[in-house]
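User: Please take one part of the model below and examine it closely. I should like a connected account that begins with the local detail and then places that part in its wider setting.

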Amino acid sequence: MDLVERALAGERLALARLLTQVENDTPAGRAALDRLFPRTGRAHLVGITGAPGTGKSSLANRLARAFRSLGDCSPARKVAVLAVDPSSPFTGGALLGDRLRMKDISGDPGVFIRSMASRGAVGGVARATAALASVLDAAGYDPIFIETVGAGQSEVEIVRLAHSVVVVDAPGLGDDIQAIKAGILEIADILVVNKADLPGAENTLRALENMLELAYPAGSAERRRPPLLRATATTGEGVEEIVRAILEHRAYLKETGGWQRREQDRLRREFEALLSAALVARWREQAGSRAVHELFARIASREVSPSQAAEEAVKKTMGCE
Amino acid sequence: MTDRKIRVLIAKPGLDGHDRGAKYIAQALRDAGMEVIYTGLRQSPEMIAEAALQEDVDVVGLSILSGAHMALVPRVLELLRANGQGNVKVFVGGIIPEEDIPALKQAGVVEVYGPGATSETIAAAIRSALPDDIVI
């Protein structure tokens, strides 16, 4: 049996090695993704995002554990966590510390935790995060929690990747203007104020409640208003409600066609990104390195604009001059 | 071109509660361009082996100050082998009496570092212990 078959048969080391191949974008990893693709599209991808120190890892830990003991399917669900931490832009190294908060699920054979470095990608997830999620999906993990880099104002990339996004806030991180600015409220399918046992939690809840009232005026049912929940991940308080909200959002997406729409958008974007990369490669190959250099020189000397040059290149490459 | 990084698990087995050394090494190896997974205090050998498996690491660094290294280290090595990860390079750091070092190496530890070992030495030893196809 090769790595893909072994991973599909439930061999965890094979799965771990496959994830490495895919993360490193090796030829074997790419071939594996092609083979696994027909088996993907089943898992519920749940993003967990928010500022650093809001408790995303602790919450992921609690949620994974809660889904393991949900008892809504037999055999019990296998749950995965993909935890992304930033790579250093200077050395390329990374310190991945999310497992630190996931000790009580790390011994459960039905939970697979994988730490990922962002490897230069911005937007809260790594370039290979979607691909790793597909592998885990094909291997039967559902749900798959994707914990983003903690930043707070830029990890909107998770919306494109996940079916449901849980935005985690905590008391004492700044005034309500921060929450408006962030744009992070707009991406929330579920809003959680974690560390609800800390002083100031009521203020944070009130500020978010006000924000939601502004964004979703009473009587307008155009968009679904995200539930606002409170939790204390360290004790597990409020986790049950979050689990329920995640399951409800999944059902909502399935009912309204949102699930399919999100899938289609994601696959189309992936296809288009790959197509443009392939076309650029084709153009480079066809034009030859000298012509490529000459064209870049003409652009640099402001002789032609980038868009004129691109149009010219397309005409030549597509053979429709 | 593939983007291969050295992946290292830094773990503290046993019950001592002092992780300054482990954190220092974790940070130093990050600065040396490696991807370092830090799992924190009070890890059982089983937890360490499981994390090494899920993370598919190339290297495991164990920091032990409790004196229990002769029990903990061979157990971690045994579990790694049982999981099919006998190729993972294991390094030990902490307070390890000189006379225990040969036995640890015999058991499969690549190198043992005490106080005063520099991070450059350790990073270089990790690189030279790994096969050439891993670059960083």
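The answer below starts from the loop between strand 4 and helix 5 of chain A and widens from there.

Analyst: This is a predicted model, in which local features need pLDDT of at least 70 and side-chain atom pairs count only at pLDDT 80 or more, whereas totals for chains, interfaces and linings use all residues. Residues are numbered from 1 along each chain as its sequence is written, chains are lettered from A and ligands numbered from 1 in written order, and side-chain values use heavy atoms, with hydrogens and water left out.

The loop in question runs between strand 4 (111-117) and helix 5 (129-138) of chain A and contains Arg119(A). Helices (H or I, at least four residues) and strands (E, at least two) are DSSP runs, numbered from the N terminus. Arg119(A) has a positive phi of about 50°, although it is not a glycine. Its relative accessible area is 15%, so Arg119(A) is buried; the classes are buried under 20%, exposed over 50% and partly exposed in between, with a 1.4 Å probe and protein chains only.

Gly120(A) sits in this loop between strand 4 and helix 5 as well. Gly120(A) counts as exposed because its relative accessibility is 60%. Leaving aside neighbours within four places in sequence, Gly120(A) is in contact (heavy atoms within 4.5 Å) with Ser87(A) and Arg127(A). A further spatial relation links Gly120(A) to Pro89(A): the two are 31 residues apart in sequence, yet their C-alpha atoms are 6.6 Å apart in space.

Lys195(A) offers a parallel to Arg119(A) in its backbone. Lys195(A) is not a glycine, but has a positive phi of about 55°. Its place is the loop between strand 7 (190-193) and helix 8 (201-215) of chain A. With 29% relative accessibility, Lys195(A) counts as partly exposed.

The backbone also holds a cis peptide bond, which runs from Asp142(A) to Pro143(A) and has omega near 5°. Pro143(A) belongs to strand 5 of chain A, residues 141-147.

A further loop residue to consider is His163(A), placed between helix 6 (157-161) and strand 6 (164-169) of chain A. His163(A) counts as buried because its relative accessibility is 3%. Apart from neighbours within four places in sequence, the residues in contact with His163(A) include Ala43(A), His44(A) and Leu45(A). Asp189(A), His249(A) and Leu253(A) are also among its contacts, as are Trp259(A), Arg262(A) and Glu263(A).

These sites belong to a chain with 11 helices and 8 strands. The radius of gyration of chain A is 22 Å, close to the 20 Å that the globule rule gives for 321 residues, so chain A is as compact as a globular protein of that length. That radius is taken over C-alpha atoms, and the rule is 2.2 Å times the number of residues to the power 0.38. Along the principal axes, the C-alpha atoms of chain A fill a box of roughly 65 × 55 × 45 Å. Chain A is divided into domain 1 (40-256) and domain 2 (268-318), with bounds that come from an automatic or database domain assignment. The C-alpha centres of these domains lie 39 Å apart.

Of the 321 residues in chain A, 47% are buried. Among contacts between residues at least 6 apart in sequence, 73% join residues at least 24 apart in chain A. The accessible surface of chain A is about 15800 Å², with 53% belonging to carbon and sulfur atoms; areas come from the Shrake-Rupley method with a 1.4 Å probe, and for residues only the protein chains shown count as cover. Chain A carries 42 positive and 41 negative side chains, and the centres of these sets lie 4 Å apart. Lys and Arg count as positive and Asp and Glu as negative, without His and the chain ends, and each charge is placed at NZ of Lys, CZ of Arg, CG of Asp or CD of Glu.

Chain B completes the setting. Its elements, 5 helices and 5 strands, run β-α-β-α-β-α-β-α-β-α from the N terminus on. The radius of gyration of chain B is 14 Å, which agrees with the value near 14 Å for a compact globule of 136 residues. Its C-alpha trace spans about 45 × 35 × 25 Å along the principal axes, and 55% of its 136 residues are buried. In chain B there are 13 positive and 18 negative side chains, with 3 Å between the centres of the two sets.
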